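Here are some friendly notes to read alongside the structure. Keep the sequence and the 3D view open as you go through the points.

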Amino acid sequence: MPFTLSEEHESFRKVVRDFAEAEIAPHVEAWDRDAVFPVDVIGKMGELGLFGLIVPEEYGGAGGDLTSLCVAIEEIGRVDQALGITLEAAVGLGINPINTYGTPEQKQRWLPDLVAGRALAGFGLTEPEAGSDAGATRTRAELRDGAWVVNGAKAFITNSGTPITSLVTVTARTGEAADGTAEISTIIVPSGTPGFTVEPAYRKLGWHISDTHPLSFTDCRVPEENLLGERGRGFAQFLSILDDGRIAIAALAVGCARACLEMSVDYALTRTAFGQPIGRKQGVAFQIADMRVAVEAATLLTYKAAWLKDEGRPAAEVKQAAAIAKLYATEAAVSATRTATQVFGGYGFMEEYPVARFYRDAKVLEIGEGTSEVQRLLIGRGLGLPVE
Ligand SMILES: Cc1cc2nc3c(=O)[nH]c(=O)nc-3n(C[C@H](O)[C@H](O)[C@H](O)COP(=O)(O)OP(=O)(O)OC[C@H]3O[C@@H](n4cnc5c(N)ncnc54)[C@H](O)[C@@H]3O)c2cc1C
């Protein structure tokens, strides 16, 4: 296994870093304060090719690997976590289901605009009463006269209500399997379909720039051909999509932890107390040294998981690596934001210092796309433990 990324990946990293420094960093404090969703920056990210990294060239993508996507998410996330999750969700949750399970017609219809950053798609798995237990979905879709009629609600759906959102894919009960369990399928619901309501955005602790809404569906009719993938395989499809998504979230967490490390080192070199830079104090330097170790470990776990996926290793192996990377990297990121805020003292609590924003933004990393407890459950099961 290589312990460094390829030269191509590193030069791509530089391109994304320069972009994030030039196009995002100068504005991010104001966007975060005013909860602005910067549609024009999404377009520029599209022009840079960030949304098409894993999409075949015939649909406007680069036909690249998950490692490239992780590099892009890490670098955008190093400057701003909310735009990092916007990219992660756009590709990992919006594009990936269509790219992986869509028919040629569905791909042709939806992917070119999503890849170009002219459109965004949401992924509706979570419901008000079904999060970690996503199989308990209550939303129903009934086939009537050549159309799916969707009724139900989804909660916390990222990128679902932006001015350029073109669709959401939703899981819904479409019947009962032979063994009496719910048959769950995935349906594409285009924005603006009558009966599909995007409820007002949540007020969130962090990720203010990211777009998150509850969704409701009342007798919402979409054509029968909007079934995505196989009927009855919707839940399994979403779980598989989430394995890639967790690697991408780990990359977002690496960006967060790395930003905290860099800011802490700079501050510890310049801020003085008792006549010396605070970095001379072991109490400060040792905390930053521990952060350095966590960043290294999180980086290796994340890019190993991406490498396993890119190498085409068995799904069970990727699933374990994804859960391990997501668990470790997100908890490391939350710890890094706590340490960085402490290193900055009172200024760390002030919004004009980015560490305050990273502190607010980090917590959800341990929740979205499977909580830390769910990752431990998956890791335990991977060890053969009968954990429920
Ligand atoms: C900002 C944001 C954006 C999101 N974006 C999306 C999106 O785009 N699409 C989407 O579908 N979802 C999205 N989510 C939903 C997210 O994936 C869920 O919030 C998450 O999976 C947890 O589900 P829940 O909130 O229902 O918590 P619950 O499942 O109710 O969990 C509550 C607590 O119980 C614990 N718990 C539950 N079951 C177990 C168990 N078996 N063992 C041990 N502990 C357990 C959990 O770990 C947690 O600590 C988003 C969430 C947020 C906050």
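1. Let us begin with D80, which has a relative accessible area of 0% and is therefore buried, the cut-off for that word being under 20%. Bear in mind that this is a predicted model. In the chain, D80 falls in the loop that links α4 (66-79) to α5 (81-101). What does the side chain of D80 lie 2.9 Å from? One of its polar atoms is that distance from the backbone nitrogen of L83.

2. Next, please look at K204, in the loop between β6 (196-198) and β7 (212-223). Is K204 buried, partly exposed or exposed? Its relative accessibility is 24%, so K204 counts as partly exposed, a class that lies between the cut-offs of 20% and 50%. To place K204 in the fold, you can use T100 as a reference: the two residues are 104 apart along the chain, and their C-alpha atoms are separated by 31 Å.

3. W207 also deserves a visit, and you will find it in the loop between β6 and β7. Although W207 is not a glycine, its phi is positive, at about 50°. With a relative accessible area of 9%, W207 is under the 20% cut-off and so counts as buried.

4. T193 belongs to another loop, the one between β5 (182-190) and β6. Its relative accessible area is 11%, so T193 is buried too, again judged by the cut-off of 20%. How far apart in space are T193 and F217, C-alpha to C-alpha? The distance is 9.6 Å, while 24 residues separate the two in sequence.

5. Now turn to the ligand, which sits in the largest pocket. Around the ligand there are 18 residues, and the closest are T126, S132, F156, T371 and E373. Sorted by class, this shell holds 9 nonpolar, 7 polar and 2 charged residues.

6. Which elements supply at least two residues each to the shell around the ligand? They are β3 (147-158) and α11 (372-382). The largest share comes from β3, with 3 residues.

7. For the polar atoms around the ligand, T126 is a good place to start: a polar atom of its side chain is 2.7 Å from a nitrogen atom of the ligand. Backbone atoms take part as well. A polar backbone atom of L125 lies 3.0 Å from an oxygen atom of the ligand, and a polar backbone atom of E369 is 3.4 Å from an oxygen atom of the ligand. As for cover, the ligand has 980 Å² of accessible area on its own, and the protein covers 65% of that.

8. Finally, come back to F156, one of the closest residues to the ligand. F156 is part of strand β3, and its phi is near 65°, a positive value in a residue other than glycine. Is F156 buried or exposed when the protein chains alone count as cover? At 53% relative accessibility, F156 counts as exposed, because the cut-off is over 50%. When you view F156, please remember that the ligand is left out of that value, since the cover is taken from protein chains only.

Notes:
Residues numbered from 1 in each chain as written. Predicted model: local features only at pLDDT ≥ 70, side-chain atom pairs only at ≥ 80, totals over all residues. Heavy atoms only, no water. Near = heavy atom within 4 Å. Polar contact = N/O pair within 3.5 Å; in protein donor to acceptor, adjacent residues only side chain to side chain. Areas by Shrake-Rupley, 256 points an atom, 1.4 Å probe, with all protein chains shown as cover. 1 Å grid on protein atoms, 1.4 Å probe; cavity = no way out; pocket = protein on both sides within 12 Å on 5 of 7 lines; lining within 4 Å. Sits in = over half its atoms within 2 Å of the grid points. Helix = DSSP H or I, 4+ residues; strand = E, 2+ residues; numbered from the N terminus. Nonpolar A, V, L, I, M, F, W, Y, C, P; charged D, E, K, R; others polar. Buried < 20%, exposed > 50% of the residue type's maximum accessible area, 1.4 Å probe, protein only.
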